[in-house]
Amino acid sequence: MAVLIELALGLGLLGLLLAAHAVGRRLGRVSDHAHSHVGVVQSAVLGLLALLIGFSFSGAVSRFGARQDLIVREANAIETVSLRADFLPEPQRDALRETLRQYARARIELVQGKEEAALSKLAALQDRAWAITVQGVKARSEFAQPVLDATNEMFDLLAARNATASRHIPPAIVVVMIACATLASGMISYGQARREGDRGLGSQVPALALVALVAAVLWLTLDLDFPQRGLVRLGDAPLRAVLERLERAPV
């Protein structure tokens, strides 16, 4: 389903820009007005589009990298809690490690986009892990700080992940960026038609290639900003590696 949605988004953006290109070319062929101002307007619109796409793409890449870094930090935090479970007595030690195995599986599900179910599981597992940890450190209070601090860190990183997951390009900027790209596509073909007249499809190839490239960059910018739903996904290799080590550990 996610693939179909992303393909529909990409084709929709391309279709919109191609439609603007066709309209601009038609208007350029039938217009009798002087076109000395067209180049100035084209340059201004393309410059504004470059600015909008540049900042939006940079922000999307930065957020994508931050989300991937959080996955690495979470994987390390889960493993740290697993190691510090050695400070706890039985049966809390094994109970905490089993909870961490389930926690890592649910965290992988969250990366894969099963958001609602995974978040519900993770909330319940956090409550269970905290109860087990508190019960265990009561018997060994000298180890309370390292165990509780590591557990808190694991919880805090999930909260940070949830916060970053909701940060995206503001919808108003997306609308303005798409509108600017549509206008730019129309202005390019308008100016080309005014200068060259009707020379057939061959003369339109460079402009059409530019339109397709702009549509691809717009699509990629939005795809990067929604890694839970897009084709460009966050990697879960660090979490899988931790889960593999947890599953090899004795129960």
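Here are some notes on one cavity, a few salt bridges and two buried residues in this predicted model.

1. **The cavity.** Start with the empty space inside. Rolling a probe the size of a water molecule over the atoms shows where empty space is left. Here the structure holds 1 cavity of 30 Å³ or more, and the volume of the largest cavity comes out at about 80 Å³.

2. **Who lines it.** If you want to pull the lining up on screen, select R67, L70, I71, R107, L110, V111, R161, T164, Q228 and L234. Sorted by class, that makes 5 nonpolar, 2 polar and 3 charged residues around the largest cavity. So don't picture a purely greasy lining, because charged and polar residues are part of the count.

3. **Where the lining comes from.** Which helices each supply at least two residues of the lining of the largest cavity? They are helix 2 (38-84), helix 3 (92-111) and helix 5. Helix 5, for reference, covers residues 144-165.

4. **T164.** This is one of the lining residues of the largest cavity, and T164 sits in helix 5. Is T164 buried or exposed? Its relative accessibility is 12%, so T164 counts as buried, the cut-off for buried being under 20%. Setting aside neighbours within four places in sequence, T164 touches R67 and L70. Both R67 and L70 are also on the list of residues lining the largest cavity.

5. **E74 and R107.** A search of the whole structure turns up 11 salt bridges, and this pair is worth a look. E74 bridges to R107, with 2.8 Å between the closest N and O atoms. E74 belongs to helix 2 and R107 to helix 3, so the pair ties together parts that are 33 residues apart in sequence. Both ends are out of the solvent's way by the numbers: E74 is buried, with a relative accessible area of 1%, and R107 counts as buried at 2% relative accessibility. R107 also turns up in the lining of the largest cavity, which puts this salt bridge partner right at the space described above.

6. **E247 and R105.** Another salt bridge joins the side chains of E247 and R105, at 3.2 Å from N to O. E247 lies in helix 8 (residues 237-248) and R105 in helix 3, so here the parts tied together are 142 residues apart in sequence. Neither end is buried: E247 counts as partly exposed at 44% relative accessibility, and R105 counts as partly exposed at 34%.

7. **E90 and R93.** E90 forms a salt bridge with R93, and their closest N and O atoms are 3.6 Å apart. How accessible are the two ends? E90 has a relative accessibility of 42%, so it counts as partly exposed. R93 comes in at 22%, so it too counts as partly exposed, since buried means under 20%.

8. **A104.** Back in helix 3, have a look at A104. A104 is buried, with a relative accessible area of 0%. What does A104 contact once its neighbours within four places in sequence are left aside? The answer is L243 and L246. As a distance check, the C-alpha atoms of A104 and T133 are separated by 17 Å, with these positions 29 residues apart along the chain counted as their separation.

Definitions and conventions. Residues numbered from 1 in each chain as written. Predicted model: local features only at pLDDT ≥ 70, side-chain atom pairs only at ≥ 80, totals over all residues. Heavy atoms only, no water. Helix = DSSP H or I, 4+ residues; strand = E, 2+ residues; numbered from the N terminus. Buried < 20%, exposed > 50% of the residue type's maximum accessible area, 1.4 Å probe, protein only. Contact = heavy atoms within 4.5 Å. 1 Å grid on protein atoms, 1.4 Å probe; cavity = no way out; pocket = protein on both sides within 12 Å on 5 of 7 lines; lining within 4 Å. Points joined across faces, edges and corners; volume = space filled by probe spheres on them. Salt bridge = Lys/Arg side-chain N within 4 Å of Asp/Glu carboxyl O.
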